[in-house]
Amino acid sequence: MHRYWLRTYPEFKKAVQEGRDVADADVALALLHKAKGFTHTDVKVLRTEAGPEQVEYNRYFPPDTQAAIFWLRNRRRKQWREVIEHEHTVTDEKLRELEEAGIRARNAHRR
């Protein structure tokens, strides 16, 4: 049904896309703050003689390395991609074992 509305009503499709763009921008900004670290005004409720009292304070959130890596790997792929190199080495002994296993498999198949 959702696809029908998107195909049938271009103004609906445009509104949906604009909403997605705003949400994506909000999440990107939140990820950036998490990667860099930030301070946020928060409220504590303290018990005093006069009763509960709300006190504002600045709460610090330190930078998050994983968020920074995620941000950079997606924004600067060439510089920050994770390169995994595999080195394949085969010893003479392993080659002999593989050859013998191949011979056994062919002989078993012929029977």
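# A quick tour of the chain

Asp64 and Lys34 form a salt bridge, with their closest N and O atoms 3.5 Å apart. That pair connects distant parts of the chain, since Asp64 sits in the loop between β2 and α3 (65-75) while Lys34 belongs to helix α2, 30 residues apart. Keep in mind that this is a predicted model. Here is the rest of the picture, topic by topic.

**Overall layout**

- The chain has five helices and two strands.
- Starting at the N terminus, the order of the elements is α-α-β-β-α-α-α.
- If the 111 residues made a compact globule, the radius of gyration would be near 13 Å, but this chain comes out at 30 Å.
- The C-alpha trace spans about 90 × 55 × 35 Å along its principal axes.
- Just 6% of the 111 residues count as buried.

**The start of the chain**

- Helix α1 covers residues 2-8, and Tyr4 is found in it.
- Tyr4 teams up with Trp5 and Tyr9 in a nonpolar patch on the surface, and together they have about 300 Å² of accessible area.
- Tyr4 has a relative accessible area of 41%, so it counts as partly exposed.

**Helix α2 and what follows**

- Helix α2 takes in residues 10-36, which is 27 residues.
- How far apart should the ends of α2 be, at 1.5 Å a residue? The expected span is 39 Å, and the end C-alpha atoms are indeed 39 Å apart, so the two values agree.
- Right after α2 comes Gly37, which takes a positive phi of about 90°.

**The two strands**

- Strand β1 (residues 38-48) pairs with strand β2 (residues 51-61) in the antiparallel sense, over eleven bridges.
- Two residues lie between β1 and β2, and the strands form a hairpin.
- You can follow the pairing residue by residue: Thr39 has Tyr60 in β2 as its bridge partner, and Val45 stands opposite Gln54 in β2.
- As a bit of background, side chains in a regular strand alternate between the two faces of the sheet.

**Salt bridges**

- How many salt bridges does the structure hold? There are four, among them the Asp64 and Lys34 pair from the opening.
- The general idea is that side chains of opposite charge can pair when their charged atoms come close.
- Both partners in the opening pair are partly exposed: Asp64 has a relative accessible area of 23%, and Lys34 has 42%.
- Across the hairpin strands, the side chains of Arg59 and Asp42 meet in a salt bridge (3.6 Å, N to O).
- Because Arg59 lies in strand β2 and Asp42 in strand β1, this pair ties together parts that are 17 residues apart in sequence.
- Arg59 counts as partly exposed at 37% relative accessibility, and Asp42 is partly exposed too, with a relative accessible area of 23%.

**A salt bridge inside helix α5**

- Glu97 and Lys94 also meet through their side chains in a salt bridge, at 3.3 Å from N to O.
- Why are these two about one helical turn apart? Both are in helix α5 (residues 92-110), and they are three residues apart, so about one helical turn separates them.
- That fits a handy rule: an α-helix has 3.6 residues a turn, so residues three or four places apart point the same way.
- Glu97 is partly exposed, with a relative accessible area of 36%, and Lys94 is partly exposed at 41% relative accessibility.

Notes. Residues are numbered from 1 along each chain as its sequence is written. This is a predicted model: local features need pLDDT of at least 70, side-chain atom pairs count only at pLDDT 80 or more; totals for chains, interfaces and linings use all residues. Side-chain values use heavy atoms; hydrogens and water are left out. Patches are made of residues with over 30% relative accessible area and no salt bridge: like charges are joined within 9 Å, nonpolar side chains (Val, Leu, Ile, Met, Phe, Trp, Tyr) within 5 Å. Accessible areas come from the Shrake-Rupley method with a 1.4 Å probe; for residues, only the protein chains shown count as cover. Helices (H or I, at least four residues) and strands (E, at least two) are DSSP runs, numbered from the N terminus. Buried means under 20% relative accessible area, exposed over 50%, partly exposed in between (1.4 Å probe, protein chains only). The expected span of a helix is 1.5 Å times one less than its number of residues. Two strands pair if DSSP finds at least two bridges between them. The radius of gyration is taken over C-alpha atoms; the globule rule is 2.2 Å times the number of residues to the power 0.38.
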